[in-house]
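Me: I am new to this structure and would love a close look at one part of it, the aromatic rings. Could you walk me through them and what lies around them?

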Amino acid sequence: MTKHAPKRTPNRTQGDLAKFAPYSYRDDPAVPDFDDSRAVFVFDHHCVLCGTGVGFIMKHDSARAIAFTSAQQGLGEALCRHYGIDWDETYLFVRNGRPYIKFDGYFEVARAMGGLWKGLAIFRIIPNFILDPVYDLVANNRYKWFGRTEQACQVLTEDQRARLI
């Protein structure tokens, strides 16, 4: 297992990611080729909260529109580096070649899952200057509040683990 990339830009915002062209990772030789016809959720596999969240998304993503990968290795690590994301600060969600983090990412996950989940977009009226500090508070305390494991995949079912790329 590799260590995560050093912090490039502390406390990145969704606005910071707007400069990236869609599918820009395709031109980055450090990012391995992957099937990007589905969205990809990159998560901290040591975080119990993160693993539980991934399990929740998998359970409710009946169309299997979202693939999942660990931020600490391979594809996930390369995508985080490409976008300058420190996985210790946030997860990364890539859909239609565009990166999303924090609450913007959650709203995009809901859109990808479709159905009634899209209705969560109503909460988009809450501005990021309110949402991001809430996200950061939980992210900075997730190990203390929810625990740390060698692999969050341990909280996933066998079928769910099979969905990891």
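Reply: Here is a short tour of the aromatic rings, followed by a look at a patch on the surface. Please keep in mind that this is a predicted model.

Let's begin with the overall count: searching the whole structure turns up 13 aromatic pairs. A good pair to look at is Phe-20 with Tyr-83, whose ring centres are 4.8 Å apart. Their planes stand at 75 degrees, and an angle over 60 counts as edge-to-face, so that is what this pair is called. The two rings also connect distant parts of the chain, with their positions 63 residues apart. Phe-20 belongs to the loop between α1 (14–17) and β1 (39–43), while Tyr-83 is in helix α3 (residues 74–83). Phe-20 is buried, at a relative accessible area of 14%, and Tyr-83 is buried too, at 0%.

Other rings gather in a group: Phe-41, Phe-68, Tyr-91, Phe-93, Phe-103, Tyr-106, Phe-107 and Tyr-135 make up one aromatic cluster.

Some rings have a charged neighbour instead. Arg-26 places its charged end over the ring of Tyr-23, 4.0 Å from the centre. Likewise, Arg-142 lies over the face of Tyr-143, with 4.6 Å to the ring centre.

Finally, turn to the surface. Leu-49, Leu-137, Trp-145 and Phe-146 make a nonpolar patch there of about 390 Å². Helix α5 (residues 128–146) gives the largest share of this patch, three residues, and Leu-137 is found in that helix.

Notes
Residues are numbered from 1 along each chain as its sequence is written. This is a predicted model: local features need pLDDT of at least 70, side-chain atom pairs count only at pLDDT 80 or more; totals for chains, interfaces and linings use all residues. Side-chain values use heavy atoms; hydrogens and water are left out. Rings of Phe, Tyr and Trp (its six-membered ring) pair if their centres lie within 6.5 Å; planes under 30 degrees apart count as stacked, over 60 as edge-to-face and the rest as tilted. Helices (H or I, at least four residues) and strands (E, at least two) are DSSP runs, numbered from the N terminus. Buried means under 20% relative accessible area, exposed over 50%, partly exposed in between (1.4 Å probe, protein chains only). A charge sits over a ring if NZ of Lys or CZ of Arg is within 6 Å of the ring centre and within 35 degrees of the ring normal. Patches are made of residues with over 30% relative accessible area and no salt bridge: like charges are joined within 9 Å, nonpolar side chains (Val, Leu, Ile, Met, Phe, Trp, Tyr) within 5 Å. Accessible areas come from the Shrake-Rupley method with a 1.4 Å probe; for residues, only the protein chains shown count as cover. A salt bridge is a side-chain nitrogen of Lys or Arg within 4 Å of a carboxyl oxygen of Asp or Glu.
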